[in-house]
Amino acid sequence: MTEPRIENLRAALDGREAPTVGLWNRLEGRPRTTDFARALRVEVRDALWMLTRQWQLGEFRGTDAGSPVTAAYSVDATTPSRFRPAGGFAEPLPGDRPLEAVAERRVLPFALGDDRISFDLRLAIGRRWLKLLDTDHLLGVLVRRKFVDRWPIALPDPEADADTPRVAHPEVWAAMQAVAGRRMDGYEFYRHLKEGRPAHEGIPDLVGAQRDALVPLAARLVIWFDRQFIEQPSQGEEQHVVNSAWDPARLEHRFSVAAAVPGAGEKVLTAQEYPGGTLDWHAFSLDPDTVVGGTAPTAAAFHRTVFPAPVRFSGMPLARWWAVEDGRTNFAAVSPDSTDLARLVFLEFALVYSNDWYQLPCDLPAGTFATIRGLVITDVFGEKQWIAPAGTGSDQDWQRWSMFTLDTIGEDDVPADTGLLLPPSVPKVAVGPVLEEVALLRDESANMVWGVEETVRTATGDSRRGGEISAEARAHLLRLHPPTPPADPVAAVAYRAMNSVPEHWIPFIPVHVPPKQRAVRLQRAAMPSVIDGEPVLPRTALLREGLDDDQQYYVHEEEVPLTGTRVDVAYNRTRWRDGRVSVWLSARRGTGRGEGSSGLAFDFLKDTGKRPGA
């Protein structure tokens, strides 16, 4: 049966006479040319097409918001004025040098035990003093010679065991021969002056005018050396308490700075784990439980009215569809992982919300802890909006997110601090040659930790490889004390209780931590010398911690991971804002290069070379 033909389709659709009506409509383009260049040119006379594209891109959709026109803010800025190392005493924070120089400074080593070292500095101080003597016409060549005889550099004895560090190494021995009896030990003379004793003491045949002329020259020498090198101060000459921020047990710097904040009292900022190098705001945390004391109010409040400017960066997506980005930043080439939250947040900001951000100028000097008291924005409609800090809330709130703010030490539920710290640091520090370098590494075969002295400072101030220094010293002692030839073997094998390791490998053994005896820490030990059986002592100041005071040295076990850790000592030099040069000696910690093997073995048999029946 065939269905009836619909004569009037429009009437059938309007009256819904048929239950189903099939209707197809196809639109086909009929281009007049095969070249699409003109169609894609977007000519200005094609206004309707441009308006349609703007509608498709949502440019006609209102956001019911106004753009900012002016911004007014008030800032409280205070300057940290006190410095205190962990376990040390508080002292004023100087404003004429960077904070790195104060936090990283170490005592210049002029002796390791009974051995005098740093003869380069000793000669430099002595040369400075002799030049000062030349500036006064009353002090001639004879007075110069008297000071050289009074503070001499003695010639080492090649036959004495105590002079081994100065005669075992060819370049050191040559330098000592060149200066002995010809130059003065300036450091010993400097210590003499620092103790408050007169410069002419021990110098014979000086008239009164010559003694008087030495007084201002001695003061100039002390001032010159104290300005030339930044050292750690001591609290009392009888106590010899050095105010050091270096924690040898944790191999890092730990210190606090404090500032007086209006309405909040003393604000203490603590660097708990500063390895050395670049010191910035992220090294600090707010420390409510530490008291530094002595802070003076140095806060200053200032008010500014500025004009906000849109944020701009290379490759930023442009708001209008017909403009093309510069292409210097290829966001399509960024492939973050699902766990790379920082990169994902950055991409979302750059691609979605970058045109909604504005920046306000706020100039602050280095060495400032600033807190914004208030921020008001005036938009194009004349309305004023009070802007609250984005990082407000509880400091323990895991959903709180902010940038450039400091966390608070401890687990207490305290309000988050929204202050901004600009530490008094410098962007660039020139680092000199490494004078000491120690690698702390794990030896799984021997089940212990070794402190390998890879770079050692010589007596003249230069640095050399630790293996070369130990080998030359051992060869010199063997020349002085030739070993007794061993007796002829009586068997094909011999029992050995222990073999030897290179003398620049210093052992650290695990010991229990009292009183619970559950935790473990690493204690410095010593290997016996193959020459006389005496303990082999470290040649670096890093591993001689407490040795000269008959104290044990411990390192926390967690500070030496499987990858190991490295600590080096070098001089640093930089310029402060006023152009003044600062020089200091510092230690820096870095990542190691993995495990190592000393070859130490116990209870084994050694082939003597004797054949059966011989």
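## Surface patches, ring pairs and salt bridges

Asp289, Asp397, Glu411, Asp412 and Asp413 come together on the surface as a patch of negative charge. The model is predicted. One member of the patch, aspartate 412, sits in the loop between strand 14 (384–386) and strand 15 (420–422). Aspartate 412 counts as exposed because its relative accessibility is 56%, and the cut-off for exposed is over 50%.

The loop between strand 14 and strand 15 also holds phenylalanine 404. This residue belongs to a nonpolar surface patch with Val345, Trp401, Met403, Leu420 and Leu422. Together the patch has about 580 Å² of accessible area. Phenylalanine 404 has a relative accessible area of 44%, so it is partly exposed.

Glutamine 385 is part of strand 14. With a relative accessible area of 39%, glutamine 385 is partly exposed. Its C-alpha atom is separated by 9.6 Å from that of proline 68, and the two residues are 317 residues apart along the chain.

**Aromatic pairs**

The whole structure contains 18 aromatic pairs. Among them, phenylalanine 255 and tyrosine 274 meet edge-to-face, with 6.2 Å centre to centre and 85° between the planes. Phenylalanine 255 lies in strand 7 (residues 252–261) and tyrosine 274 in strand 8 (residues 265–274), so the pair ties together parts 19 residues apart in sequence. Are these two rings buried or exposed? Phenylalanine 255 is buried, at 1% relative accessibility. Tyrosine 274 is buried too, with a relative accessible area of 1%.

Elsewhere, ring pairs build a cluster. Phe110, Tyr187, Tyr190, Trp224, Phe225, Phe229 and Tyr571 are linked in it.

**Salt bridges**

Side chains of opposite charge can pair when their charged atoms come close. The model has 32 salt bridges. Three of them are listed here.

| Salt bridge | Closest N and O atoms |
|---|---|
| Arginine 116 and aspartate 185 | 3.1 Å |
| Arginine 116 and glutamate 188 | 3.9 Å |
| Arginine 442 and glutamate 557 | 3.9 Å |

Arginine 116 appears in two rows, with aspartate 185 and with glutamate 188. The bridge between arginine 116 and aspartate 185 links distant parts of the chain, 69 residues apart. Arginine 116 is in strand 5 (residues 115–116), and aspartate 185 is in the loop between helix 7 (170–179) and helix 8 (186–194). Aspartate 185 is buried at 1% relative accessibility. Arginine 116, by contrast, is partly exposed, with a relative accessible area of 38%.

Arginine 116 lies in strand 5 and glutamate 188 in helix 8, so their pair ties together parts 72 residues apart in sequence. Glutamate 188 counts as buried at 16% relative accessibility.

Which parts of the chain does the pair of arginine 442 and glutamate 557 tie together? Arginine 442 lies in strand 16, while glutamate 557 is in the loop between strand 22 (554–556) and strand 23 (565–575). The two parts are 115 residues apart in sequence. Arginine 442 is buried, with a relative accessible area of 15%. Glutamate 557 is partly exposed at 31%.

Shared partners join some salt bridges into one network: Arg116, Arg122, Asp185, Glu188 and Arg191.

**Strand 16 again**

Strand 16 (residues 430–443) also carries glutamate 437. Glutamate 437 is buried, with a relative accessible area of 16%. The C-alpha atoms of glutamate 437 and lysine 606 are separated by 35 Å, and these residues are 169 residues apart along the chain.

Methods:
Residues numbered from 1 in each chain as written. Predicted model: local features only at pLDDT ≥ 70, side-chain atom pairs only at ≥ 80, totals over all residues. Heavy atoms only, no water. Patch = residues over 30% accessible without salt bridge, like charges linked within 9 Å, V, L, I, M, F, W, Y side chains within 5 Å. Areas by Shrake-Rupley, 256 points an atom, 1.4 Å probe, with all protein chains shown as cover. Salt bridge = Lys/Arg side-chain N within 4 Å of Asp/Glu carboxyl O. Lys, Arg positive; Asp, Glu negative; His and termini not counted. Charge placed at Lys NZ, Arg CZ, Asp CG, Glu CD. Helix = DSSP H or I, 4+ residues; strand = E, 2+ residues; numbered from the N terminus. Buried < 20%, exposed > 50% of the residue type's maximum accessible area, 1.4 Å probe, protein only. Phe/Tyr/Trp six-rings, centres within 6.5 Å; stacked < 30°, edge-to-face > 60°.
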